[in-house]
Every structure is written in C-alpha cells, then in structure tokens.
Amino acid sequence: MMMGTTEPNRGLVLAWALVVACSAWLLFTTPVFPQEAYYWLYGKHPSLSYLDHPPMVGWLSYASTALLGDGVLGLRAPALLSALGTTWVGLALIDGLGGGARAKALWVASSVAVPAFTMTHFLMLPDGPLVFFWSLTVLALWRARCSAALAWWITAGAAAGCALLSKYTAAFLLPGGILVLLLDPQLRRQLRSAGPWVALALAAVLFLPVVVWNAEHHWVSFGFQTSSRYEGIELGTHWLLQFAAGQAALLLPLLLIAWAALPWMLGRLVAGSVKALWLASFGLPLFAFMLVNSLAIHVKINWVLPAYVTFAVAACLWLERCALDGSRPRLVKVFAASLPLIAALSLAAPLAGWYPQAGNEVWTGWGRLAAKASHWKHVIDADRGPGGGTFYFCENDHDSSMLWRNLLLRTPADPDPTVVAAQNVFGYRALEYDDWAPLGAELGQDAVFVLTNPERRQHNLDKARTLFRSVRLAEHVDIQGLFGRIVSADIYLCRGYTGA
C-alpha cells in the first residue's frame with residue numbers, strides 16, 4: 001500500500017470534505033433529541049453553573065441562539081464547531097507525534113466514521129465542548145514540552161479550565177498531567193519554571209464560577225456527581241456487560257484494530273516511549289475508572305469519550321506504520337474500507353424521527369403536541385377567568401424539555417410564556433426543573449398534563465389524580481409516520497393543584 005505524497009494529501013482533502021458534508025447533513029436533518037432540548041433550556045436560564053453539569057453548554061447555547069436564533073442551526077452550531085475544532089487539534093497532535101498524511105487522513109475520516117466522535121458533530125451536549133478542550137489541553141501541553149514557551153502553558157491552563165466548565169469528567173486531565181510531568185524528564189524539568197504553575201492557577205480561576213455556584217447551593221452539584229451516585233449500589237456484572245457492549249458500539253470500526261494495536265502500544269510503553277506514555281496517560285485513567293465503576297453503577301456510554309481522543313490518535317499512527325511497512329495489509333484495507341461504509345450508515349440517523357418511540361425517550365411530534373397543549377391551556381384560562389393561572393407539566397424532564405422548547409418556538413416574542421414543570425409535580429427530584437419551575441406558587445392552579453405513551457404510564461396518571469381536585473382527558477393524539485403510529489399521547493386538564 002505504498003503511496004506517493006500527492007495521494008495521501010488528496011486523501012486528507014477528501015476526508016475533510018466527507019466530514020463537512022456528513023456533519024451538515026446530520027445537523028440539519030436529525031431530529032432534536034430531549035437531552036438537547038434540556039441543555040438548550042440552560043441557555044434560557046443563564047447561571048454560573050447547574051445542578052447536573054457545569055455551565056459551558058448553557059453559555060454556548062445562550063450565545064449561539066442569540067446570534068443564530070432558536071432553530072436547529074442556533075441550537076447545534078456550538079457542537080459542530082467544537083467537533084471540527086477537535087478534528088483540527090487531532091491533526092496537530094498527530095503531526096507533533098511524527099505522524100504522516102496517512103495517519104491524518106485516517107483521523108479526519110474517523111471523526112465521522114466512529115460513532116463515539118460522529119455524535120459530537122451534531123448533538124448539542126456537554127461532551128462536544130469537553131472533548132475539544134480536553135484535546136486542546138493535551139496538544140498545548142505537548143507543545144509546551146517541546147518549546148517551553150509560556151504561551152503554550154497559558155493555552156493549556158485556559159483549555160483545561162474550559163474543559164472543567166464543560167463537564168466534571170475533565171478532572172481526569174489532572175492524573176494525566178501528573179503522570180507526564182513525573183515520568184517525562186523533558187517536561188519534568190519545567191516544574192522549576194513558572195509555566196506549569198501558571199497553567200494550574202489559570203485553570204483553577206476559570207473553574208471558580210462553578211465553585212461559587214456550589215457554595216451558594218450547599219455544594220449540591222458536587223454531591224450529585226459523587227456520593228449520590230453510589231447510594232444503594234450493589235456489585236455485579238449487569239452494568240459492566242452493558243458498558244462493554246455500549247463501548248464496542250461506540251468504537252466501531254476502531255474495534256477492528258484495538259486488539260492488534262494494543263500489544264504494540266503496550267510494548268512501546270514498556271520500552272519507555274514518551275509518545276506512548278502521553279497517549280496512555282490521557283486515556284487510560286479515565287477509561288479504567290469508568291470500567292471499575294461499571295461494576296456498581298450505570299456508566300453511560302458517553303462518559304468515556306475524552307479518553308478515545310488519544311486512543312484514536314494511537315490507532316491512526318499504528319495503522320500508518322502498518323501501511324508503510326506492509327506488516328498488516330489486510331487489516332489496513334479492511335479498516336480503510338469500513339470508514340466510508342460506517343460514515344454512509346451514519347447518514348441514516350435522520351430516520352430516527354420515523355422510528356416508533358414507545359419508551360421514556362420521545363423526540364418526534366412535539367410541535368403538534370405543543371400546539372394542542374397550548375390550545376387546551378387557552379380553554380382553561382378562558383373558563384377560569386381573570387386572575388387565574390395555568391401551567392404545563394409532563395411525566396419527566398425529557399418530555400418537559402421538548403414541550404417547553406416547542407412552546408417557546410411557537411411564541412418567540414414571549415421568552416417565558418408559562419411555567420413548564422416536570423416530575424417535581426409528583427414530588428420527585430427533577431434536576432434543574434426544581435429551580436426553573438418551583439411549584440409553591442402554583443398551589444390551587446390548573447394545569448395541562450401531556451402524557452406520552454400513556455399505555456405504559458398509567459401509574460403517573462393515577463398519581464396525578466391524587467394531586468389535583470379533578471383530572472379529565474381532553475384529547476388523545478397519535479403521531480403518524482410512514483409505517484404507522486410513532487408516538488401516542490393523552491392531554492389531560494387538571495384542576496386545582498394541591499401539591500405533593
């Protein structure tokens with residue numbers, strides 16, 4: 001598989017074209033998912049931080065929607081820019097580690113052919129900014145190692161601080177940084193200079209908004225992310241097997257080469273390779289921590305995403321070496337052929353909008369449901385007369401976020417047309433909804449209850465009947481797709497909230 005210089009360069013250009021085209025298609029055609037609507041509401045409620053995440057996703061949403069509006073472009077532009085930034089940073093890192101055009105082309109193509117990275121290109125979640133700032137931190141530290149320039153240390157500190165503002169998982173940059181500082185002699189010598197300490201101080205200062213917010217809220221976010229996750233745990237293999245299956249799905253087609261590349265990487269690490277040390281230090285601690293945690297708790301598939309940056313860089317470098325020395329020609333061919341195949345399959349993601357949604361996640365039909373709910377709210381308001389008040393609620397914060405987003409899109413001139421509550425109506429913890437829609441003032445008021453997939457959620461209707469003086473079915477709605485019903489929902493008029 002020996003190729004001239006022109007062909008790899010052409011491959012790199014084609015890989016970038018593939019990334020941009022696939023990303024644009026997915027951004028505009030894939031339905032908005034409930035988690036995205038929830039974080040979009042962060043931007044509608046600006047804060048120094050939030051219960052379940054640091055504030056970066058909310059700040060980016062606020063800025064993006066102010067510039068581009070509340071449509072899908074304004075919602076997802078920060079995700080796309082973060083993902084393209086990660087791709088660029090990975091190219092610079094591969095270049096700094098001695099990789100050539102083949103490794104770079106593989107890296108760029110992998111950004112839309114490996115599901116772990118593909119989803120960051122269009123889903124507006126905290127993970128996209130986290131992965132970008134994590135990658136930038138690693139690159140800046142490597143450049144600081146090679147040049148000792150204070151500017152690179154400042155960049156590393158700023159990027160690490162922004163990563164911490166994106167997601168608490170960024171704390172695993174610390175053990176990675178400690179490992180390379182202690183085990184890389186060239187970097188260790190810089191401990192006598194101001195650079196590492198300036199970077200550490202800058203990261204801490206940037207993280208201060210989260211500390212201040214937590215101090216004002218009884219450290220609730222730190223507790224939510226630590227001790228509360230381990231309440232009532234039981235050791236077992238259920239979550240471990242689910243974790244393994246989820247990570248395997250996220251890593252295709254990198255999984256094809258993982259076992260073949262691992263001995264090479266471990267061998268280089270044992271032999272004292274500084275490059276292998278760096279790639280392992282910013283990947284293995286996070287992955288090992290989540291792997292151990294999966295013996296006790298549900299580790300979500302996206303929690304390990306930052307670790308895959310250096311893992312994927314290592315895989316691209318190893319594949320390039322195999323292509324150059326001809327040691328694994330079949331593996332290289334299979335991997336290269338799988339990239340466009342899986343990228344093409346990712347283009348089918350918009351079909352998710354036509355898939356029947358019978359579980360707790362409903363992402364289709366909310367425009368129509370919001371219109372119906374708004375109509376019935378006007379009916380209640382007209383019947384109740386002046387001085388009344390009506391709020392909306394759903395069975396969980398995901399449904400409530402989709403309803404609230406679509407209500408706001410219907411009335412853009414009114415930034416907060418009414419209160420939308422979630423499971424806090426039933427007396428359960430509802431994440432940020434406990435702040436966004438506290439229900440003390442709503443005692444005695446009426447409500448519109450939108451219950452999706454009611455055949456599976458009768459218990460919530462029964463619970464609602466105990467919290468209102470009366471609950472009456474107003475309308476049943478079926479959302480139809482190409483092959484039949486996608487979602488069903490019941491809309492109830494609830495009179496006289498008595499509180500939970």
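**A nonpolar patch and an open mixed sheet**

In this predicted model, helix 9 (173–183) and helix 11 (195–206) each supply at least two residues of a nonpolar surface patch. The patch has an area of about 700 Å² and is made by Leu174, Ile178, Leu179, Leu182, Leu183, Trp197 and Leu200. Of the contributing elements, helix 9 gives the most, with 5 residues. Leucine 179, one of the residues that make the patch, is found in helix 9; its relative accessibility is 33%, so leucine 179 counts as partly exposed, a class that lies between the limits of 20% for buried and 50% for exposed residues.

A separate part of the description concerns the strands. An open sheet of 5 strands is present, with mixed pairing and the strand order 2-1-3-5-4. Its edges are formed by strand 2 (420–421) and strand 4 (468–481), each of which pairs on one side only. Helix 20 (residues 366–384) packs on this sheet, where it touches strand 1 (390–394), strand 3, strand 4 and strand 5, and the direction of helix 20 makes about 155° with that of strand 3.

Within the sheet, strand 1 runs parallel to strand 3, to which it is joined by 5 bridges, and cysteine 394 has valine 450 of strand 3 as its bridge partner. Strand 1 also pairs with strand 2, again in the parallel sense, over 2 bridges; here tyrosine 392 stands opposite valine 420 of strand 2. The antiparallel component of the sheet includes the pairing of strand 3 (residues 446–452) with strand 5 (residues 484–497), which extends over 6 bridges, and in which valine 448 has leucine 493 of strand 5 as its bridge partner.

With regard to solvent accessibility, strand 1 is mostly covered, 5 of its 5 residues being buried. This cover applies to both faces of the strand, since Thr390, Tyr392 and Cys394 are buried on one side, and Phe391 and Phe393 are buried on the other. Two of these residues also appear in the pairing described above, namely tyrosine 392, opposite valine 420, and cysteine 394, the partner of valine 450.

Positive phi values in residues other than glycine were found in loops that follow strands of the sheet. Leucine 431, with phi near 50°, is a residue of this kind, and it is found in the loop between strand 2 and helix 22 (433–436). Asparagine 453 likewise has a positive phi, near 45°, and is found in the loop between strand 3 and helix 23 (458–465). The relative accessibility of asparagine 453 is 2%, and because this value is under the 20% limit, asparagine 453 counts as buried.

Lysine 333 is found in helix 19 (residues 329–346). Its relative accessibility of 54% is over the 50% limit, and lysine 333 therefore counts as exposed. The C-alpha atoms of lysine 333 and alanine 323 are 9.0 Å apart in space, while the two residues are 10 residues apart in sequence.

Note on methods. Residues are numbered from 1 along each chain as its sequence is written. This is a predicted model: local features need pLDDT of at least 70, side-chain atom pairs count only at pLDDT 80 or more; totals for chains, interfaces and linings use all residues. Side-chain values use heavy atoms; hydrogens and water are left out. Patches are made of residues with over 30% relative accessible area and no salt bridge: like charges are joined within 9 Å, nonpolar side chains (Val, Leu, Ile, Met, Phe, Trp, Tyr) within 5 Å. Accessible areas come from the Shrake-Rupley method with a 1.4 Å probe; for residues, only the protein chains shown count as cover. A salt bridge is a side-chain nitrogen of Lys or Arg within 4 Å of a carboxyl oxygen of Asp or Glu. Helices (H or I, at least four residues) and strands (E, at least two) are DSSP runs, numbered from the N terminus. Buried means under 20% relative accessible area, exposed over 50%, partly exposed in between (1.4 Å probe, protein chains only). Two strands pair if DSSP finds at least two bridges between them. Contact means heavy atoms within 4.5 Å. Axes are lines fitted to C-alpha atoms, for helices over the stretch in contact, and angles run from 0 to 180 degrees between N-to-C directions.
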